[in-house]
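Student: Please take a close look at one part of this model, the packing of its helices against each other. I would like a connected account rather than a list.

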Amino acid sequence: MCVTAVESRPAGVVLATGPGGHRPFGARAKAFVALTKPRIIELLLITTVPVMFLAEQGVPDLWLVLATCLGGYLSAGGANALNMYIDRDIDALMDRTSQRPLVTGMVSPREGLVFGLTLAVVSTLWFGLLVNWLSAALSLGALLFYVVVYTMILKRRTAQNIVWGGIAGCMPVLIGWSSVTNSMSWAAVILFLVIFFWTPPHYWPLSMKVKDDYARVGVPMLPVVAGNKVVARQIVLYSWVMVAVSLLLTPLGYTGWFYTAVALVSGGWWLWEAHALQSRAKAGETGGKLKEMRLFHWSITYVSLLFVAVAVDPFLR
């Protein structure tokens with residue numbers, strides 16, 4: 001599919017400039033913040049801080065927590081800004097992304113590129129100098145994986161884009177552990193795998209909702225190239241593996257009864273919702289009756305509950 005350049009905007013997208021091309025400072029500042037996708041970064045931090053508690057088996061140094069969170073925000077923000085720079089052509093054609101700063105003109109492509117690269121450099125140095133160089137390497141690796149492997153290579157070429165591209169979103173778990181211990185462990189690997197298997201069934205329901213957007217720009221998300229029954233079956237498979245992996249922490253001695261209880265209850269509810277979505281898909285439900293966003297919203301609650309349990313569990317053992 002031939003994708004129209006960013007200058008050719010769809011109807012309804014208005015250039016965010018005033019008379020004479022003036023771009024107000026306040027609006028510009030908000031636009032640069034929007035380039036970092038702060039709502040997504042909130043989710044990344046939810047998985048970082050609890051792992052630091054688990055690694056410390058208690059309360060980690062609060063300055064270290066602050067330094068790790070800020071470094072993580074800068075790194076993920078840089079990756080997101082570079083993602084928007086690369087994807088500005090298709091963002092202009094998709095309803096849910098048509099008001100992003102590089103599409104509206106509030107931020108120029110050159111500014112977005114420089115901003116993203118600057119955050120990448122600053123975040124790496126921040127981690128290296130104020131946390132440790134292992135965390136810096138993991139942070140830079142996550143950024144490069146998201147920008148190069150996912151955005152530039154996988155996203156527009158394969159329906160498995162979100163599966164392998166999701167590795168970048170798993171890295172904050174490793175960074176949280178390494179920031180405390182300057183090393184790795186099986187606990188960090190298990191939680192990395194939880195997020196790895198969580199990402200597809202988290203994102204595919206949203207992709208089912210907006211698949212027309214992705215189809216319009218030729219991005220082969222799984223719901224674009226496969227029917228709802230196939231997608232729902234994949235969601236159920238990944239969900240079962242995710243829940244099973246989440247329960248490995250306890251027999252290996254990293255967590256106790258509290259985490260186990262939360263993992264069982266929240267995981268059981270997840271599986272209920274995943275199977276319910278599959279049942280509706282098998283019944284041929286479409287549109288609002290498919291209720292695919294129920295699982296999407298629950299997936300955010302699930303990962304929040306699970307990682308809060310990771311943080312709380314050391315105090316109850």
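Tutor: What follows goes from the whole chain to three helix pairs, and then to a few single residues.

The model is a predicted one. Its chain holds 15 helices and zero strands. With a radius of gyration of 20 Å, close to the 20 Å that the globule rule gives for 317 residues, the chain is as compact as a globular protein of that length. Along the principal axes, its C-alpha atoms fill a box of roughly 65 × 55 × 30 Å. Of the 317 residues, 53% are buried. Among contacts with a separation of 6 or more, 76% join residues 24 or more positions apart.

Now the helix pairs. Two packed helices are described by the angle between their axes and by the distance between those axes.

Take α10 (residues 186–209) and α15 (residues 292–312) to begin with. Their axes lie 7 Å apart, and the packing angle is about 160°. An angle over 145 degrees counts as roughly antiparallel, and α10 and α15 are therefore roughly antiparallel to each other. The crossing of α10 over α15 is left-handed. On the α10 side the contact is made by L191, V194, I195, W198, P201, H202, P205, L206, M208 and K209. On the α15 side, the residues they meet include M293, L295, F296, I300, Y302, V303, L306, F307 and V310, as well as E292 and S299. By class, this contact of α10 with α15 has 17 nonpolar, two polar and two charged residues.

The pair of α13 (residues 228–246) and α14 (residues 257–282) comes next. Here the axes come within 9 Å and cross at roughly 170°, which makes α13 roughly antiparallel to α14. Among the α13 residues in this contact are I235, V236, W240, M242 and V243, along with K229 and R233. Those of α14 include Y259, W270, L271, H275, L277, Q278 and K282. The contact of α13 with α14 divides into 13 nonpolar, six polar and three charged residues.

The remaining pair is α2 (residues 38–56) with α3 (residues 62–86). These two pack at about 145°, with their axes 10 Å apart. The crossing of α2 over α3 is right-handed. From α2, the residues P38, I41, L44, L45, T48, V49 and M52 take part, and they meet L64, V65, T68, C69, Y73, A76, G77 and N80 of α3. This contact of α2 with α3 has 11 nonpolar, four polar and no charged residues.

Helix α3 also contains A67, a buried residue with a relative accessible area of 0%. Leaving aside residues up to four places away in sequence, A67 touches W126 and V131. The C-alpha atoms of A67 and F127 are 7.7 Å apart, although the two residues are 60 apart in sequence.

Two loop residues complete the account. Most residues other than glycine have a negative phi. N182, in the loop between α9 (167–181) and α10, has a positive phi, near 55°. Its relative accessible area of 47% makes N182 partly exposed. K291 sits in the loop between α14 and α15, and phi of K291 is likewise positive, near 55°. With a relative accessible area of 44%, K291 is partly exposed.

Technical notes: Residues numbered from 1 in each chain as written. Predicted model: local features only at pLDDT ≥ 70, side-chain atom pairs only at ≥ 80, totals over all residues. Heavy atoms only, no water. Axes fitted to C-alpha atoms, helices over the stretch in contact; angles between N-to-C directions. Helix = DSSP H or I, 4+ residues; strand = E, 2+ residues; numbered from the N terminus. Parallel < 35°, antiparallel > 145°, perpendicular 65-115°, else oblique. Left-handed = near helix turned anticlockwise from the far one by under 90°. Contact = heavy atoms within 4.5 Å. Nonpolar A, V, L, I, M, F, W, Y, C, P; charged D, E, K, R; others polar. Rg over C-alpha atoms; globule rule 2.2 N^0.38 Å. Buried < 20%, exposed > 50% of the residue type's maximum accessible area, 1.4 Å probe, protein only.
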